Amino acid sequence: MAGNTGFTRFAKWASRYTGRPVSFNLAVAIIVVWLVTGPLFRYSDTWQLAINTGTTIVTFLMVFLIQNTQNRDTEAMQIKLDELIRVVEGAHNALLDLEELDEDALDKFRARYEALAERARKDMAAGGTDFGTPELGQ
């Protein structure tokens with residue numbers, strides 16, 4: 001697949017395996033071994049530094065792996081939503097690629113949908129329904 005870099009392949013692999021019970025159990029085992037060796041090393045600064053350094057490095061690297069995974073998942077979901085908008089008759093094509101707009105443009109779209117929801121709630125309170133595809137308005 002195009003664009004499937006070594007980092008992306010590693011990030012996919014890491015996200016699959018680090019979320020499994022065996023990975024959690026391995027982390028617990030490492031902590032247990034560290035705790036058990038405390039008396040052996042007389043709870044020295046080096047003993048404490050070992051776990052602190054290890055956990056800091058793992059945490060630092062996992063931040064990037066998790067962010068990469070979330071970015072890919074979000075992009076894939078946005079593309080799927082764009083496809084649904086594209087194929088649904090009557091859908092507003094202006095909503096395609098909406099995540100690329102700036103905050104002001106998003107606020108304008110949000111305000112339209114909030115007004116639509118408010119009208120629907122008022123209609124329902126008056127005994128109406130909220131079926132159909134009303135126009136968004138300006």
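**Close-up 1. A phenylalanine pair in helix H3.** A residue is called buried under 20% relative accessible area, exposed over 50%, and partly exposed in between (1.4 Å probe, protein chains only). This is a predicted model, in which local features need pLDDT of at least 70 and side-chain atom pairs need 80 or more, while totals for chains, interfaces and linings use all residues. Residues are numbered from 1 along each chain as its sequence is written, and side-chain values use heavy atoms, leaving out hydrogens and water. Phe60 is exposed, at 52% relative accessible area. Phe64, at 46%, is partly exposed. The two residues are four apart in helix H3 (residues 45–87), about one helical turn (helices are DSSP runs of H or I, at least four residues, numbered from the N terminus).

**Close-up 2. Aromatic rings in helix H1.** Rings of Phe, Tyr and Trp (its six-membered ring) pair if their centres lie within 6.5 Å, with planes under 30 degrees apart counted as stacked, over 60 as edge-to-face and the rest as tilted. The model has five aromatic pairs by this rule. One of them joins Trp13 and Tyr17, a tilted pair with 5.2 Å between centres and 40° between planes. Both residues belong to helix H1 (residues 6–18), where they are four residues apart, about one turn of the helix. Trp13 is partly exposed, with 44% relative accessibility, and Tyr17 is partly exposed as well, with 33%. Phe60 and Phe64 also form a pair, this one edge-to-face, at 5.2 Å centre to centre and 80° between the planes. Trp13 and Tyr17 join with Phe10 in one aromatic cluster.

**Close-up 3. Gln70 in helix H3.** Gln70 is a residue of helix H3 and counts as partly exposed, at 44% relative accessibility. Leu40 lies 30 residues from Gln70 along the chain, and their C-alpha atoms are 42 Å apart.

**Close-up 4. The largest pocket.** The largest pocket has a volume of about 490 Å³. Its lining holds 15 residues, and those closest to the pocket centre are Ser23, Leu26, Ala27, Ile30 and Val58. Two or more lining residues come from each of H1, helix H2 (21–36) and H3. H3 gives the most, with six residues. A pocket here is an open set of points on a 1 Å grid over the protein atoms alone where a 1.4 Å probe fits, with protein on both sides within 12 Å along at least five of seven lines, and lining residues have an atom within 4 Å of a point.

Technical notes: Points joined across faces, edges and corners; volume = space filled by probe spheres on them.
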